[in-house]
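Q: I'd like your help with a close look at one part of a model that I have just opened. Please start with the general layout and then take your time over the details.

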Amino acid sequence: MSSLNPYTYLTLSMQPGSSPRLHISFHTADLHVRAGMLDKPRPYLEISSREANVSISTTGAGPVTDADLSTARLIFDAAARYLADCERLHTNQSATKTATDTAA
């Protein structure tokens, strides 16, 4: 298994006639994740590392819309899948390491 140092990867693509596209990949466990309420009131979700910050809030910084609720549910579902995959892989990796250590 390869072991890389943690990092954040950021790319910006700009094509003529298209909106710029920003891509941020966090490859680190050193993330700060928080959620809360801003003025008006409106909710926000923030994920950040030392190198980058991603904030999500309501459409146009306005009141919560049906689309905002849909997006929040998609984020929740994706986070639950990510957690389940991490737990499953961690359990498998721990079991493999234990079996390898016992065999040695």
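How many helices and strands are there in the chain? After that, please look closely at the hairpin of β3 and β4: how many bridges join β3 to β4, and which residue in the hairpin takes a positive phi?

A: Happy to. Please keep in mind that this is a predicted model.

The chain has one helix and five strands, and along the sequence they come in the order β-β-β-β-β-α. The helix, α1, covers residues 66-103. For the overall dimensions, the C-alpha trace spans about 60 × 35 × 25 Å along its principal axes. The radius of gyration is 19 Å, whereas a compact globule of 104 residues would have one near 13 Å. Buried residues make up 11% of the 104 residues. Take the contacts between residues at least 6 apart in sequence: 10% of them join residues at least 24 apart. About 8700 Å² of the chain is exposed, and carbon and sulfur atoms supply 58% of that area.

Now to the hairpin. Strand β3 takes in residues 32-38 and strand β4 residues 42-48. The two strands run antiparallel, and seven bridges join them. A35, for instance, stands opposite L45 in β4. What covers β3? Hardly anything: zero of its seven residues count as buried.

Side chains link the two strands as well. R34 forms a salt bridge with E46, and their closest N and O atoms are 2.8 Å apart. R34 belongs to β3 and E46 to β4, so this pair ties together parts that are 12 residues apart in sequence. The two partners differ in cover. R34 is partly exposed because its relative accessible area is 49%, and buried means under 20%, exposed over 50%. E46, at 14% relative accessibility, counts as buried.

The turn of this hairpin deserves a careful look at its backbone angles. Three residues sit between the strands, and K40 takes a positive phi near 100° there. K40 has this positive phi although it is not a glycine. K40 lies in the loop between β3 and β4, and so does P41. The peptide bond that joins K40 and P41 is cis, with omega at about -25°. Is K40 buried or exposed? With a relative accessible area of 67%, K40 is exposed.

On its other side, β4 pairs again. Five bridges join β4 to β5 (residues 53-57), and these strands also run antiparallel. In this pairing, S48 has N53 in β5 as its bridge partner. β4 and β5 form a hairpin too, with four residues between them. Strand β4 is therefore a partner in both pairings: seven bridges join β3 to β4, and five join β4 to β5.

A few features beyond the hairpin help to place it in the chain. Past β5, A61 lies in the loop between β5 and α1. Like K40, which is not a glycine, A61 is a residue other than glycine with a positive phi, in this case near 60°. A61 counts as partly exposed, at 25% relative accessibility.

Then comes the helix. L69 is found in α1 and counts as partly exposed at 38% relative accessibility. From L69 to T102, 33 residues along the chain, the C-alpha atoms are separated by 49 Å. The helix also holds a salt bridge, between R88 and D85, whose closest N and O atoms are 3.4 Å apart. R88 and D85 are three residues apart in α1, so about one helical turn separates them. Both partners are partly exposed: R88 has a relative accessible area of 44%, and D85 is at 38%. The count of salt bridges comes to two.

Before the hairpin, L22 lies in strand β2 (residues 21-27). L22 is exposed, with a relative accessible area of 53%. Together with L10, L12 and M14, L22 forms a nonpolar patch on the surface, with about 440 Å² of accessible area in total.

To return to your questions, then: seven bridges join β3 to β4, and K40 is the residue with a positive phi in the hairpin.

Definitions and conventions:
Residues are numbered from 1 along each chain as its sequence is written. This is a predicted model: local features need pLDDT of at least 70, side-chain atom pairs count only at pLDDT 80 or more; totals for chains, interfaces and linings use all residues. Side-chain values use heavy atoms; hydrogens and water are left out. Patches are made of residues with over 30% relative accessible area and no salt bridge: like charges are joined within 9 Å, nonpolar side chains (Val, Leu, Ile, Met, Phe, Trp, Tyr) within 5 Å. Accessible areas come from the Shrake-Rupley method with a 1.4 Å probe; for residues, only the protein chains shown count as cover. A salt bridge is a side-chain nitrogen of Lys or Arg within 4 Å of a carboxyl oxygen of Asp or Glu. Buried means under 20% relative accessible area, exposed over 50%, partly exposed in between (1.4 Å probe, protein chains only). Two strands pair if DSSP finds at least two bridges between them. The radius of gyration is taken over C-alpha atoms; the globule rule is 2.2 Å times the number of residues to the power 0.38. Contact means heavy atoms within 4.5 Å.
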